Amino acid sequence: MRRLRTRLTGVLLAVLALTTAGCGGAGHVGTGAEGTGAKADANRVEPLAGKPDPDLPVTVRSADGGKVTVGKADRVVPLSGSLGELVFTLGLGDRVVARDITATFAQAAKLPVVTRGHDVSAESVLSLRPDLVLAETTTGPAEAMDQIRAAGIPVLVVAPARGLYDVDPRIEAVAAALGVPAAGKALTERTERRIAAVRKDVPREKEKPRVAFLYLRGSASVYLIGGKGSGATSLIEAAGGIDAGAESGLAKDFTTITSEALVKAAPDAILVMSKGLESVGGVDGLVKIPGIAETPAGADRRIVSIEDGALLSYGPRTDQVLKSVVAQLYEGDAA
């Protein structure tokens, strides 16, 4: 998903673009694949109670180094699924006039898409007469973004989400640009509270499970294991686990899966995106990938599957993601 662009680059992005088109609409945070999952939650965002009234204009700092003045925010175009989720959750979803292809939550399903694969269509964006465009540092191509700016549209660039520690800053950045800082504070507090509640219930008496994050796209023969910087480490650790790829010494964000890398990582469980798991034929197909069956995770078929658009979003739904990871990771274990 677009939030993944902050970690997955090059050929991986091209492959991802082939699959995101099928990820829109309603879905689930946890898939419960082949008996391994917890009860799924509907793929909807939960707006704050009440409707905030934006106090504009405001001038805010953009993650690309400049400052952006927002005069009004009646027509907002978020160019990533996670940024769109933030606007909706802040209670301003009725002001969103378009979506990125990676906005997979239900409320955004009927909005027009202004990206082709992972490329922004400047013409499509400008045709909707936006007051504000929200972008990630990796949103592109640069020519399209320059064309939007040249048309006089304020573009706020938000720093990427790399872990749980990025949840609060991203909420605050978007809320400030929309002129609703109080709503941003309320959403931050709600999100922190919910994440803390899930973490409190993580089993503590158990030996920490080693969890490997795998990125899979079987249709393109892409099989990668996450290492340091994959974006999954903080989520795995919050669920009481150890990032097996990072701990085994994989310095790159992602490395092609080999039997040697899997043996060294020795995961007790495998974390995957639901579309990725589907692309290799489910758990039955996953364990046929060379080296998987020889790991403790493969032998036990201990697979944690999370909906693509939610797994690494690190936003208002992160508590749901974490809850699903915990439920699936420890399912069947004695308390």
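1. Helix 2 (residues 81-92) packs against helix 5 (residues 167-177) in this predicted model. Their axes lie 10 Å apart and meet at an angle of about 65°. Since 65 to 115 degrees counts as roughly perpendicular, the two helices are therefore classed as roughly perpendicular to each other. The crossing of helix 2 and helix 5 is right-handed.

2. Which residues of helix 5 are buried? They are Val167, Asp168, Arg170, Ile171, Val174, Ala175 and Ala177. The list includes the charged residues Asp168 and Arg170 next to aliphatic ones such as Ile171 and Val174. Just after helix 5, glycine 179 has a positive phi of about 75°.

3. Helix 14 (residues 318-330) can be checked against its expected span. With 13 residues at 1.5 Å a residue, helix 14 should span 18 Å, and the C-alpha atoms at its ends are 18 Å apart, so the two values agree. Helix 14 is also mostly covered, with 11 of its 13 residues buried. Among the buried residues are Thr318, Asp319, Gln320, Val321 and Leu322 at the start of the helix, and Gln328, Leu329 and Tyr330 at its end. Ser324, Val325 and Val326 are buried as well.

4. Strand 13 (residues 303-306) pairs with strand 12 (residues 269-273) in the parallel sense, over 4 bridges. Within this pairing, valine 272 stands opposite serine 305 of strand 13. Ile303 and Ser305 point one way from strand 13, while Val304 and Ile306 point the other way. In a regular strand, side chains alternate between the two faces of the sheet. All four of these strand 13 residues are buried.

5. How many salt bridges does the model contain? The count comes to 12. Side chains of opposite charge can pair when their charged atoms come close. Three of these pairs are taken up in the points below.

6. Arginine 190 and glutamate 46 form a salt bridge in which the closest N and O atoms are 3.9 Å apart, which falls within the 4 Å limit of the criterion. The pair links distant parts of the chain, 144 residues apart: arginine 190 sits in helix 6 (residues 181-200), and glutamate 46 in the loop between helix 1 (11-19) and strand 1 (58-61). Arginine 190 has a relative accessible area of 8% and is buried, whereas glutamate 46, at 38%, is partly exposed.

7. Arginine 149 and aspartate 64 form another salt bridge, with 3.3 Å between the closest N and O atoms. This pair too links distant parts of the chain, here 85 residues apart: arginine 149 belongs to helix 4 (residues 142-150), and aspartate 64 to the loop between strand 1 and strand 2 (67-70). Both partners are partly exposed, arginine 149 with a relative accessible area of 33% and aspartate 64 with 45%.

8. Glutamate 278 and lysine 275 form a salt bridge whose closest N and O atoms are 4.0 Å apart. Because they are 3 residues apart in helix 10 (residues 274-279), about one helical turn separates glutamate 278 from lysine 275. Glutamate 278 is exposed, at 53% relative accessibility, and lysine 275 is partly exposed, with a relative accessible area of 28%. Elsewhere, salt bridges that share partners join Glu46, Arg190 and Arg194 into one network.

Technical notes: Residues are numbered from 1 along each chain as its sequence is written. This is a predicted model: local features need pLDDT of at least 70, side-chain atom pairs count only at pLDDT 80 or more; totals for chains, interfaces and linings use all residues. Side-chain values use heavy atoms; hydrogens and water are left out. A salt bridge is a side-chain nitrogen of Lys or Arg within 4 Å of a carboxyl oxygen of Asp or Glu. Buried means under 20% relative accessible area, exposed over 50%, partly exposed in between (1.4 Å probe, protein chains only). Two strands pair if DSSP finds at least two bridges between them. The expected span of a helix is 1.5 Å times one less than its number of residues. Axes are lines fitted to C-alpha atoms, for helices over the stretch in contact, and angles run from 0 to 180 degrees between N-to-C directions. Angles under 35 degrees count as roughly parallel, over 145 as roughly antiparallel, 65 to 115 as roughly perpendicular and the rest as oblique. A crossing is left-handed if the near helix is turned anticlockwise from the far one by less than a right angle, and right-handed if clockwise.
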